[in-house]
Structures are given as C-alpha cells and as structure tokens.
Amino acid sequence: MQTITQTLLNNLTFLTTVLFFGNLFLKFIEQKLYKVKWLVPLLAGLFAGLIGICMMSFFSIRLNEGTNTVMVDFRQLAIMISFYYGGSWSGLISAVIIGIYRLFSGEPLQFSSWIGFGNAMFTYVVTSLCMRKQREVSLKVWFRAIIATLLVYIVAVTILQAIEHIMMNLLFGLLYICAGLFAYYIIRYIQRADDTLMKTRQAANHDFLTKLYNPRAFDRLFRQTIEEAKEQQQSFALVVVDIDFFKKINDNYGHLNGDTVLVQVAEVIGRTIRAGDYCARKGGEEFAIILKDCNEQEALDLAEQIRAAMAQHTFVLEEGKDIHLTISLGVSCYPLTDPTRLFREADRALYEAKGNGRNRVELAVRSVEE
C-alpha cells in the first residue's frame, strides 16, 4: 500500500511540475504567435498527451488480471487540464494520443488495452459535457468533472473485474480527487499570477486614461524601431498629432469631458492605424504614432486617413452632448530625416500645420545628415 501511495504521489508531483513549465511555454507561444489562433490548442493537446504517456510509462501501477493488465495513474487529469487550457479540440487531441498509446502499450494487444482506449475517449466526452460552456471554469464545474472522470475509471475497472482491489481503488479515488483539486488551485494560482504581472506591465507601459503607450514606453519602442529599420534597411514614419483648440473644450465643457474626448481620440487613432504600428499619448492633447515599414507617401496617406476619420467622428460628452473637433498632424520619415531629428522635424511640421489653418497634415523637410 505504501508503494501504491508513493506512486500516485509521484503522479501528482510530476503533474504539478509540468503544469508550471507548460504554462510558461504556452504563454510564450501565445505572446509571440498570437495571430495563429489554432497553435495554442494544438500545442496544449500535444503537451497534455505527452504528460499522459509519461504517466503511463513511468508513474503507473500495473495490475495483472488474468490475461489483462490494468494501469492505474492520473492520465485522466491530463485530458481535463488540456481541455481547460485549449478547449474541446485540445482535449480531443490529448485524449486520442493517450488512448492510442494505451491501446498499443501492451504486447500482445489485450482487451484491457481497448478498455484503456475507451477510458481516454469517455474521459474526453464527460469532460466536454462538464466544461462545454466556458474555459474559465469554476471550482464547482471542475469538481463535477473530477467526479465524472472518476466514475469513468470505476466503470473501466469494473469491466476488467479489477474492482476486487477494493482498498487500492478507494485509495486511488481519494488521491485522484485530491490531485484534481490541487491541480485546479495550481492552475488558478498560475493564472492569477500571470494576470497580476500583465496588469503591472500594462500600468508601467500604458497611459492610465487612454490605454495607449506612455512616453517612456514609446521612447523605448522608437529606439527599437530605429535599430530594426537600420538592420533591415526599411523606412518608417513618425506622426505627431495635436487636437485643435483643445483648451476650449476644457473651458466650455470641463476637464472631465476633456478626458472623455481624449479617450475617444485614442480610440479613433487605434481603429485607423495598422496592426503593428505604435501609438502613444505624449502628454496633454498630443499623441505620437510610429508607422512601421512605411514610406513617405504611405505615411502621408495614413496621416490623412487619421485626420479625416477624426473630422468625421462624433464625440459624445458625459451629458450626451455631441461635438466635432479636428486635429493637426506633422509627419517625418526615416531615412529621409536623420533619426536624431525625427521628433524635432515632426513637431516643426505640426506647428506648420497649425499655422496654416489647422485640420491638415504637413510633411517635415528632409534633413539627412551626411
């Protein structure tokens, strides 16, 4: 009995260890390849399938029942965890991997091998029934899935007439429930830690009002963009934006409505620029945009789109009043302008736009230093 307990605890230790490293791996993939939506479910399913195989190969209890071999381990939890992280497709992938491995892990092919395959597939079915509505499952839903998958195990060992090991099965059931609950709290703890870290990073890099990048983060991205442009011999543009007569909005409607306008200006800019471009609130009513891999004409066209979108947008104030406003924009481009002077020249173009009547785009004079 001590050996059985130790083996099942080894299952739990292995499971919680790979949970931690697996979460780090999946988060890394999700951040780097966030556009490939199917990749995380696929990797989660493959990873959980490998966890199940390792459990069966190195951490299982093998009981001989006549010509059949019963393998006792926590592989069902791997399927549940896969479903939690990646959804139904992920759970199906892990269940198929675990089921097929169990089917061919015995020589020769045994009746118990087919029962093991069925155990994996029915685990997937009952898990999908319990977690079908949401990925962020509650403790109640998770516990229901634990009991349902435990019943699948009981049916399997009953078919194989292995229920006579009553003490071992009772011990397995107790440890399986404890392991399932422990895995749930580990997952939730990791997720909360990730959420806290993400919020901290966002607070450090983003403006609290508009949620755009703050000046410090934008300056770092600006230096990074310059380095990438030099290495890859690409052009990019810097656009400086200022709201026309913003002081009148604050004076006439109050600073709260001024903040409301700033938020909506940020939303309009965010909808207009391309994916991969950077936008920041540089301070007050001034914004800055980096247009990556963008030549002079493309930059002017995009800046004009932003100006037109802002002029056409209806800004809704706190009390429901509608107003319209305009913006002025200054554009400077690399490599036509030396990188050390991009901000200075974009600002100069912005003031030229304001001096020429506002609600317009002006291009900075080319100034490459030889």
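The legends below accompany an overview and close-up views of a predicted model.

**Figure 1. The whole chain, with its twelve helices and nine strands.** The C-alpha trace spans about 95 × 55 × 30 Å along its principal axes. The radius of gyration of the chain is 30 Å, whereas a compact globule of 370 residues would have one near 21 Å. Buried residues make up 51% of the 370 in the chain. Take the contacts between residues at least 6 apart in sequence: 69% of them join residues at least 24 apart.

**Figure 2. Surface and charge of the chain.** About 19,000 Å² of the chain is accessible surface. Carbon and sulfur atoms account for 60% of that area. Positive side chains number 37 and negative ones 36. The centres of these two sets lie 6 Å apart.

**Figure 3. Close-up of H313, in the loop between α11 and β6.** Helix α11 covers residues 296-312, and strand β6 covers 315-316. H313 has a relative accessible area of 19%. That value is under 20%, so H313 counts as buried. Beyond its neighbours within four places in sequence, H313 is in contact with Q264, V268 and R271. I323 and H324 also contact H313.

**Figure 4. Close-up of the cysteines C333 and C294.** The closest cysteine sulfur to that of C333 belongs to C294. The two sulfur atoms are 6.7 Å apart, which is too far for a bond. A disulfide needs a pair of cysteine sulfur atoms within 2.5 Å, so the C333 and C294 pair does not qualify. The disulfide count by this rule is zero. C333 is buried, at 4% relative accessibility.

**Figure 5. Close-up of C54, a partly exposed cysteine.** The relative accessible area of C54 is 25%. Partly exposed residues lie between the 20% and 50% limits, so C54 falls in that class.

**Figure 6. Close-up of V365, in the segment after β9.** Strand β9 runs over residues 361-363. V365 has a relative accessible area of 61%. That value is over 50%, so V365 counts as exposed. V365 touches T337 and E345, leaving aside residues up to four places away in sequence. From V365 to I146 the C-alpha to C-alpha distance is 68 Å. In sequence, V365 and I146 are 219 residues apart.

Methods: Residues numbered from 1 in each chain as written. Predicted model: local features only at pLDDT ≥ 70, side-chain atom pairs only at ≥ 80, totals over all residues. Heavy atoms only, no water. Helix = DSSP H or I, 4+ residues; strand = E, 2+ residues; numbered from the N terminus. Rg over C-alpha atoms; globule rule 2.2 N^0.38 Å. Buried < 20%, exposed > 50% of the residue type's maximum accessible area, 1.4 Å probe, protein only. Contact = heavy atoms within 4.5 Å. Areas by Shrake-Rupley, 256 points an atom, 1.4 Å probe, with all protein chains shown as cover. Lys, Arg positive; Asp, Glu negative; His and termini not counted. Charge placed at Lys NZ, Arg CZ, Asp CG, Glu CD.
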